[in-house]
There are 2 protein chains.
Amino acid sequence: MKKYFTLFFILSLSLGFAQKRAQIDDQIKIGIEELREFVLIPNDALILDNIDKNIEWLSENFKNRGFQTKIIKTEGAPLFFAELSKNKSAPSLLFYMHFDGQSVDPSKWNQKNPYIIELKEKSGLGWKKIEWSQLKEEVDHEWRLFGRSTSDDKGPIVMFLNAINLLNKNNKEIQFNIKVILDSEEEKSSKPLPKAVEENRELLMADFLIINDGPVHHSNKPTLVFGCRGITTLSITTFGPIKPQHSGHYGNYAPNPGFRLAHLLSSMKDENGKVIIEGYYNGIDIDEATNKILRSVPDDITTIHNNLAIKNPELVGNYYQEALQYPSLNIRGLSSGWTGEKARTIVPDRAVAEIDIRLVMESDGNRLKKLVKDHIAKQGYFIT
Amino acid sequence: MKKYFTLFFILSLSLGFAQKRAQIDDQIKIGIEELREFVLIPNDALILDNIDKNIEWLSENFKNRGFQTKIIKTEGAPLFFAELSKNKSAPSLLFYMHFDGQSVDPSKWNQKNPYIIELKEKSGLGWKKIEWSQLKEEVDHEWRLFGRSTSDDKGPIVMFLNAINLLNKNNKEIQFNIKVILDSEEEKSSKPLPKAVEENRELLMADFLIINDGPVHHSNKPTLVFGCRGITTLSITTFGPIKPQHSGHYGNYAPNPGFRLAHLLSSMKDENGKVIIEGYYNGIDIDEATNKILRSVPDDITTIHNNLAIKNPELVGNYYQEALQYPSLNIRGLSSGWTGEKARTIVPDRAVAEIDIRLVMESDGNRLKKLVKDHIAKQGYFIT
């Protein structure tokens, strides 16, 4: 759903807020019908045939808008590229979106087919299906579309195409050289992408990169985010006895890898979520001008906390936007022995923590990883 | 395998070390054949029909030795009881063993049928199958028997029966009133047992309880353990955001339940594995006489550490036997988000630690649980 709003955003940027509402609503109707057609083509990232059928649709619909298109072969599924270039010397904008979706478990959908979009309106705390015929009348901007990839990320592709239509209808000349790269394996971590980008350096060269994929702001206002945090990962395993031992026979004697891991992890961060490894936040300096911009984001802290159902946030930054300017140190997974019904009275042989470090421009992932590794070694651990 | 040795132990106790080796070996041959027959009756604790067929075998074989037998109905599978009482006024010994086994995954066995015992001898680092016909010749005490429940815990039952035979053959009068209770759900935590014991208080009343189930000492010497540590359990869940959040969007803001759990757990124990919650070890006082006995156990620390593949033990006690005289606080399981291949870049919604507390005579499980809960509350957590 989150992408639905972006449509208004792109249209607004293109046409200005004074543009007649009626014209926008007409284009929304066309866009929604086009999205229904596009979503109807299954896009399971794991099925190569799905990807090819989507590329056929994309080729046709980008060509309709005057784009030159190209299929970029990779080590995995092919990527789709399109270019609209009326003025080669103009600055170029490269748009990134993706058309693959996660695999579907139909039993998790309360609609017949996740690829058949349903139109719904708010009803109490849930959503009620409404007839498509209602689309012929006035568009209600509070309606929502439900279907696989409707928001993530086919919606933005269709919005993009319809924004081009609106610009044409209003005889607005595009002042940029427009390039579009559409990913086919975003839901599988985009493994072939980096190599393909290097191999097509010239083709993809641009002055600006715009990624039409991300969360909608809780205020529902159109959102532009400058910069995205990168990522690097670490996996930490502490070892206890070589095989799990009976806790009655060896509890209090065989070292428990879970407690070892707990000590290790808690030595990295204070109780407020701040990394206490020296130098971790080096190089990050948020000046007053930046602070002013960050503070101007209309974050409603009560809404954010209610949405997350948390009482207090971590205190890396003084407020949400500032927190995102720092690298993180996040435990994304923990495991040792068994929990729940399967729990067994053992001293486990190992405990694992999966860590991800979110990176900002000033932070070098390798430097941060080295700091963490050095810290672990300093606690007396041997690192392989 | 571990129980194999107990046979020699019981025989030795009964007959004295001067007893002719030949007579013991003859009885071992009879015992092994009897064990083959007993193990051949599947004893999956989850299949009630399995349990009934084992009870038939037990009734017949205990009656053969002059025991009076009884089936004790419970809320689960029935228990088996037998009594050999020549002198009601003599002190009574109650033996506990169990005849159920864990469910079998035949693919995990490198023999055709886990219920068909195979006889093996050491071969390099592994074991080599030998013919049963060899049993007719001299018994090699280094042979091993491989089959479901051969050691845990059908072996001790057969050893017990054969020890009775040997006593009779040597006209040794049993100076005790012998009672035997055989559990049918030990591998499922013996849930019906406590109630059944209360309901059969009179029947089971005894001066001593001997449990023929437990590990063999690494020295391979016959082992008597005085006292067994009990157990109580706790499950600790820390909560982060109400649903897992994208670590790029909410890392550094939504509290990470894994770090919260790590801080909580590491506040309970020091780096040496000693519980630092005040009063946890209260009431435990090991006097010099006890210490002397504990120190006389021939534990070979190098062997223990090599077997566990550990460098240093936890330091709750000054040595292994002393460590077992204290209650433990053991993390038997940890989980949060996903680890390994399935790891996802999220701030998980929760982290779970499964704790077991091993109890000694002086420690009250409820008191220790309360100490842990109070400690958690003191860290600012709300406990449900």
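Two strands pair if DSSP finds at least two bridges between them. With that in hand, here are some close-ups of this predicted model.

**Figure 1. Strand E11(A) beside strand E13(A).** In chain A, strand E11 and strand E13 (residues 350-359) run antiparallel and are joined by six bridges. One place to look is Ser335(A), which stands opposite Val352(A) in E13(A). Is E11(A) largely enclosed or largely open? Six of the eight residues of E11(A) are buried, so the strand is largely enclosed by the rest of the structure.

**Figure 2. E11 meets E11 across the two chains.** Strand E11 of chain A covers residues 330-337, and with E11(B) this strand pairs in the antiparallel sense over five bridges. Which residue of E11(B) stands opposite Ser335(A)? The partner is Ser335(B), so to speak its own counterpart by number. Further along the pairing, Gly337(A) has Gly333(B) in E11(B) as its bridge partner. Ser335(A) is thus worth a second glance, because by the DSSP bridges that define pairing this serine stands opposite Val352(A) in E13(A) and also opposite Ser335(B) in E11(B).**Figure 3. The wider contact between chain B and chain A.** Stepping back from the strands, the contact takes in 69 residues from chain B and 69 residues from chain A. About 5,900 Å² is buried between the two chains, and carbon and sulfur atoms give 57% of that area. Which three residues supply the most of the area that chain B buries against chain A? They are Asn252(B), Tyr253(B) and Phe259(B), which together supply 16%. Between chain B and chain A there are 41 residue pairs in polar contact, both residues being at pLDDT 80 or more, while the count of salt bridges between these chains is zero.

**Figure 4. The side of chain B that touches chain A.** Several elements of chain B each supply at least two residues to this side, including helix H8 (257-266), helix H10 (301-308), strand E11 (330-337) and strand E13 (350-359). The largest share, eight residues, comes from E11(B). By residue type, this side of chain B divides into 34 nonpolar, 24 polar and eleven charged residues.

**Figure 5. Two salt bridges in chain A.** A search of the whole structure finds 32 salt bridges over all chains, and two from chain A are picked out here. In one, the side chains of Glu83(A) and Lys88(A) meet at 3.7 Å, N to O. Glu83(A) is buried, with a relative accessible area of 13%, whereas Lys88(A) is exposed at 64%. In the other, Lys129(A) and Glu118(A) meet through their side chains at 3.6 Å, N to O. This pair links distant parts of the chain, with Lys129(A) in strand E5 (residues 126-130) and Glu118(A) in strand E4 (residues 118-123), eleven residues apart. Is Lys129(A) buried or exposed? Lys129(A) is exposed, with a relative accessible area of 53%, and its partner Glu118(A) is buried at 13%.

**Figure 6. A salt-bridge network in chain A.** Here Glu75(A), Lys195(A) and Glu199(A) are linked in a network of salt bridges.

**Figure 7. A salt bridge within helix H2 of chain B.** The side chains of Asp25(B) and Arg21(B) meet in a salt bridge of 3.0 Å, N to O. How many residues apart are the two in helix H2 (residues 21-39)? They are four residues apart, and so are separated by about one helical turn. Asp25(B) is buried, with a relative accessible area of 7%, while Arg21(B) counts as partly exposed at 45%.

**Figure 8. Asn162(B) and its polar contact.** Asn162(B) has its place in helix H4 (residues 150-169) of chain B. Its side chain and that of Glu34(B) are joined by a polar contact of 3.1 Å. Asn162(B) is buried, with a relative accessible area of 1%.

**Figure 9. Chain A as the setting for the close-ups.** The secondary structure of chain A comes to twelve helices and 13 strands. Its C-alpha atoms fill a box of roughly 75 × 50 × 45 Å along the principal axes. Of the 384 residues in chain A, 51% are buried. Among contacts in chain A between residues at least 6 apart in sequence, 76% join residues at least 24 apart.

Terms used
Residues numbered from 1 in each chain as written. Chains lettered and ligands numbered in written order. Predicted model: local features only at pLDDT ≥ 70, side-chain atom pairs only at ≥ 80, totals over all residues. Heavy atoms only, no water. Contact = heavy atoms within 4.5 Å. Buried area = accessible area lost by both parts, 1.4 Å probe. Salt bridge = Lys/Arg side-chain N within 4 Å of Asp/Glu carboxyl O. Polar contact = N/O pair within 3.5 Å; in protein donor to acceptor, adjacent residues only side chain to side chain. Nonpolar A, V, L, I, M, F, W, Y, C, P; charged D, E, K, R; others polar. Buried < 20%, exposed > 50% of the residue type's maximum accessible area, 1.4 Å probe, protein only.
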